[in-house]
Amino acid sequence: MTEFETAYLDIHIAAYPIEYIAGIDLYNAGEFHAAHDAWEERWMGEVGPKEKLFLQAMIQSAVAFHHLDIGRPGAARQMYIRAKEKFARLGVNVFMSLDLDEYESQLDHALSWLLDGDPRRLQQPQITPPKIRLLSTIDEFD
């Protein structure tokens, strides 16, 4: 993954919908419910099928962390599983400049403990939510 200090570059701001960029800022700040709202605003509009699937997966991954924040590990587990399923259905490694392999690796590192049994009975470990950093290339999206 290309590393740079900010989550995205000016070329990303010009190329992608503002709701996507705003959601990234909110997500990286740990404002998971607000990130969900930003991405959902775009998702509810007229977007292509791949972008819709991608945004839904991103929304669900953000909601998983929101559920953990409010003490609902069972709901977090459901959102995590649904997000992973949608990323798999998307069938690409990069979408809208996000390295999905890297993002999912961070997601798994933070949330895979939810799959180790009844999440309501598991001790929540110290977790680090993923940080979204876009690749320096611009991707076409539908």
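Glycine 30 comes after helix 2 in this predicted model, and its phi is positive, near 80°. Helix 2 itself spans residues 18–28, and several of its residues are buried. The points below look at that helix, and then at one residue of helix 3 and one residue of helix 6.

**Helix 2 and its buried side**
- The residues of helix 2 that are buried are Tyr20, Ile21, Gly23, Ile24, Tyr27 and Asn28.
- Because these residues cover an arc of only 160° around the axis, they lie on the same side of helix 2.
- As a general point, an α-helix has 3.6 residues a turn, so residues three or four places apart point the same way.
- Among the elements that cover the buried residues of helix 2 are four other helices, namely helix 1 (10–15), helix 3 (32–43), helix 4 (49–69) and helix 6 (100–111).
- The cover also includes two strands, which are strand 1 (94–95) and strand 2 (98–99).

**Histidine 36 in helix 3**
- Histidine 36, which is located in helix 3, counts as buried because its relative accessible area is 12%, and buried means under 20%.
- When residues up to four places away in sequence are not counted, histidine 36 touches Ile59, Ala62 and Val63.

**Serine 105 in helix 6**
- Serine 105 has its place in helix 6 and is partly exposed, with a relative accessible area of 43%.
- Although serine 105 and proline 130 are 25 residues apart along the chain, their C-alpha atoms are separated by 8.7 Å.

Definitions and conventions: Residues numbered from 1 in each chain as written. Predicted model: local features only at pLDDT ≥ 70, side-chain atom pairs only at ≥ 80, totals over all residues. Heavy atoms only, no water. Buried < 20%, exposed > 50% of the residue type's maximum accessible area, 1.4 Å probe, protein only. Arc of directions from axis to C-beta. Contact = heavy atoms within 4.5 Å.
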